[in-house]
Amino acid sequence: MSASATERPNTRPDEGSLGRRAFRILRRNPFALGCLGVVIVYALVAVAGHLGWLPEFQERVGGSYEPPSWDLPRILGTDIFGRSVLYKVLVGTRTAMTIGFVVAAISIPIGLGLGAVAGYYRGVVDVVVVWLYSVITSIPSILLIIGISHVLGKGLLSVCLALGFVGWVGLCRLVRGEVMKQKSREYVLAARLIGASDARIIFRHILPNVIHLPIVTASLAILGAIKSEVILTFLGVGIQDGDSWGTMIQDATGELAQGIWWPLAGVTVAMFVIIYALNVSGDALRDALDPKLR
Amino acid sequence: MIAYIARRLLQSIPIVFGVALLVFLLFSTVGEDPVRAALGSHATQESIDDLRQRWGLDQPLPVQFADFLRQIATLDLGESYNSGERLTKIFRRGAMVSLSLTVPPFIIGILVNISIALLIAYFRGSWFDHLATVVFVGSMSVSYLVYIITFQYVFAFQLDWFPISGYERGPASLPYLVLPWIIIVVVSAGPDIRVLRTVFLEETRADYVRTAHAKGASERVILFRHILRNAMIPILTQWVTSVPFLLLGAFLMERFFSIPGLGDTLINAIHTGDRPILMSLTVLIAIAYSLFNLLTDVLYAYADPRVKLS
């Protein structure tokens, strides 16, 4: 058995471990790599923000509503209080990326765990998990999110919890279906025959075959959370203090009518770049990791 | 078929029950006391007790929940905390407004997006396909709010083609609705065309396409006669599932353009703590969602004879 496995000629160029193969595919796509780089830069801005390294956005850097000019703090203009739009956008980046990563950190493990357990064990566990996600998908998600954050109170944490509690459903459904398929494959049968425990089969054998699902979902979860924060804040159930993109867009509504376009332009460009980068990264990661696309 | 439908209806009962329970727990047990919120801090104990009894809030929670379930089952939904109006009346009025906001762009969107996606599928792999991908991913990367704000500013404020916001009942509502319709169609283009392109391209790899090529059918005939028809099955079923959400309207749009639809009713209910509206509306939408899911599966089996309902 083992002899024939090692003797098998390495004919396919895509042979090798999942990670190595994915890296090879990604390397051939410089645009996607650039987008991944953009995501990392935004994440670093968020980290810098939490370490207190970002410039203080509450300070005045000029007069009220100065249009953009060639001076770093005023490169995106100033707001009504003469504060730098650039600094506000950077602090908003911290908030947006924090929400994105916290929501992914809540929803991905729940979706992966429940999906794997339901797909593997079936029976009562499966019935309960399917019931739970059917209940959640039957409620329009924005309504559920508003409901939860209304109950938990306004603020960053409750927005994260609400988005996380709703966000695991899609991944759970995908993982459950895939695990059900994998469970009847020969390699799982073989693993069971040599006496592997359920935990070992799930984590060591099945999980590597479905791992592309949580990775791709993560980039979409971050993207969805960033977009949702803006909408929740606008509807008055999101973040209340003035350091998020949502509050900036909310203020921009009135400002635009007075011909003051730069705060809106600043936020829109910052948001556009990260969401575009996450979209492209998600697609590229799926192409690189999905075993079905080999 | 009838047995299948009956079984599916029975299966949806625990789901609707779960929705009702979740919504009840979310809005009844946590959050501020609606009676005190309604009467203010200077209310006498007597009037508080009086109102509490009228709203049924003096009952223990399980009794309140049973009452809520009975209301849903009999569709006798009670009254709004704020206006005292019957909920059925509020919902019927709001739903009509919401549908007039969401249905026309829904239909226009289907036609426009299918046409564009077919065009992209026809030119797959060319510079047009790549450009379209870049443009539509780009259009998905702009916040919904930014679309609304800029469109309202440019087309209503600067060019003065449409009223800035507002609503009137009946046919007079048309001028107020056109701009929101345009925005909904534009926003739907990115995500819809992305999905449609994938569906069409998957179909191009099917065996029947190879057969059609082999017998010498032109690319255009294959695309319109073969691929479009086969692809319509997943496409239509996907759209049927989203119909219940049309009832809710488009929150943001209603909020922004002051259109008094169900979405706006709901957001107002959240801000004023009008629990009967929040809870009943959520459960009704969930019921509609279950029914349309069932309808989707039945339609699917009807359209594709290979699918057996079991």
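Helices here are DSSP runs of at least four residues, numbered from the N terminus. With that in hand, the elements of chain B read α-α-α-α-α-α-α-α-α-α-α-α-α-α from the N terminus on. Keep in mind that this is a predicted model.

## The two chains

Let's start with the overall picture. Chain B has 14 helices and 0 strands, while chain A has 12 helices and 0 strands. The table puts a few values for each chain next to one another.

| Chain | C-alpha extent along principal axes | Buried residues | Contacts joining residues at least 24 apart, among those at least 6 apart in sequence |
|---|---|---|---|
| Chain A | roughly 75 × 45 × 30 Å | 46% of 294 residues | 66% |
| Chain B | about 85 × 60 × 35 Å | 30% of 310 residues | 71% |

How sure is the predictor about chain A? The mean pLDDT of chain A is 84, and 93% of its residues reach 70 or more. Among the elements of chain A, helix 4 has the highest mean pLDDT, at 92, and helix 1 (residues 2–7) has the lowest, at 43. That start of the chain deserves some caution: over residues 1–11 of chain A, pLDDT stays under 50, and the model gives this stretch 1 contact beyond four places in sequence.

## Where the chains meet

Now for the interface. On the chain B side, 35 residues are in contact with 33 residues of chain A. Several helices of chain B each supply at least two residues to this side, among them helix 6 (127–140), helix 7, helix 13 (262–272) and helix 14 (275–303). Helix 1 of chain B gives the largest share, 7 residues. By type, the chain B residues that touch chain A divide into 26 nonpolar, 8 polar and 1 charged.

## Nonpolar cores

In soluble globular proteins, nonpolar side chains tend to be buried together. In this model, the largest nonpolar core has 135 residues, and those touching the most other members are A:I145, A:V175, A:I249, B:V19, B:M253 and B:V283. Helix 4 of chain A makes the largest contribution to this core, with 17 residues.

B:V19 is a good residue to look up in the 3D view. Setting aside neighbours within four places in sequence, B:V19 is in contact with A:V135, A:S138 and A:I139 from chain A, along with B:T282, B:V283 and B:A286 from chain B. Apart from the largest core lies another, of 12 residues, including B:F136, B:L196, B:I222 and B:L223.

## Three helices up close

Helix 10 of chain A has 23 residues, which at 1.5 Å a residue should span 33 Å; the end C-alpha atoms are 34 Å apart, so the two figures agree. Of those 23 residues, 21 are buried, so helix 10 of chain A is largely enclosed by the rest of the structure. Just after this helix, A:G236 takes a positive phi of about 90°.

Helix 11 of chain A (residues 245–257) has 13 residues and reaches 19 Å from first C-alpha to last, close to the 18 Å expected at 1.5 Å a residue. Where is its kink? A bend of about 30° is centred on A:D251. Buried residues of this helix include A:W245, A:I249 and A:L256. Among the elements that cover the buried residues are helix 4 (85–121), helix 10 (212–234) and helix 12 (262–289) of chain A, together with helix 7 (144–158) of chain B. A:I249 turns up again here, having been listed among the core residues that touch the most other members. Just after helix 11 of chain A, A:G259 has a positive phi of about 85°.

Over in chain B, helix 4 (residues 61–74) has 14 residues and should span 20 Å at 1.5 Å a residue; its end C-alpha atoms are 20 Å apart, which agrees. Just after helix 4 of chain B, B:L75 takes a positive phi of about 60°.

## One more residue

Finally, have a look at B:T133, which is found in helix 6 of chain B. Why does B:T133 count as partly exposed? B:T133 has 16 other C-beta atoms within 10 Å, and a residue counts as buried at 20 or more and as exposed at 12 or fewer, so 16 falls in between. B:T133 and B:T44 are 89 residues apart in sequence, and their C-alpha atoms are 64 Å apart in space.

Notes
Residues are numbered from 1 along each chain as its sequence is written. Chains are lettered from A and ligands numbered from 1 in the order in which they are written. This is a predicted model: local features need pLDDT of at least 70, side-chain atom pairs count only at pLDDT 80 or more; totals for chains, interfaces and linings use all residues. The expected span of a helix is 1.5 Å times one less than its number of residues. The bend at a residue is the angle between axes fitted to the seven residues ending there and the seven starting there. Two residues are in contact if their C-beta atoms, placed from the backbone, lie within 7 Å. pLDDT is the predictor's confidence in each residue, from 0 to 100. Ala, Val, Leu, Ile, Met, Phe, Trp, Tyr, Cys and Pro count as nonpolar, Asp, Glu, Lys and Arg as charged, and the others, Gly among them, as polar. A nonpolar core is a set of buried Ala, Val, Leu, Ile, Met, Phe, Trp, Tyr and Cys residues joined through C-beta atoms within 7 Å.
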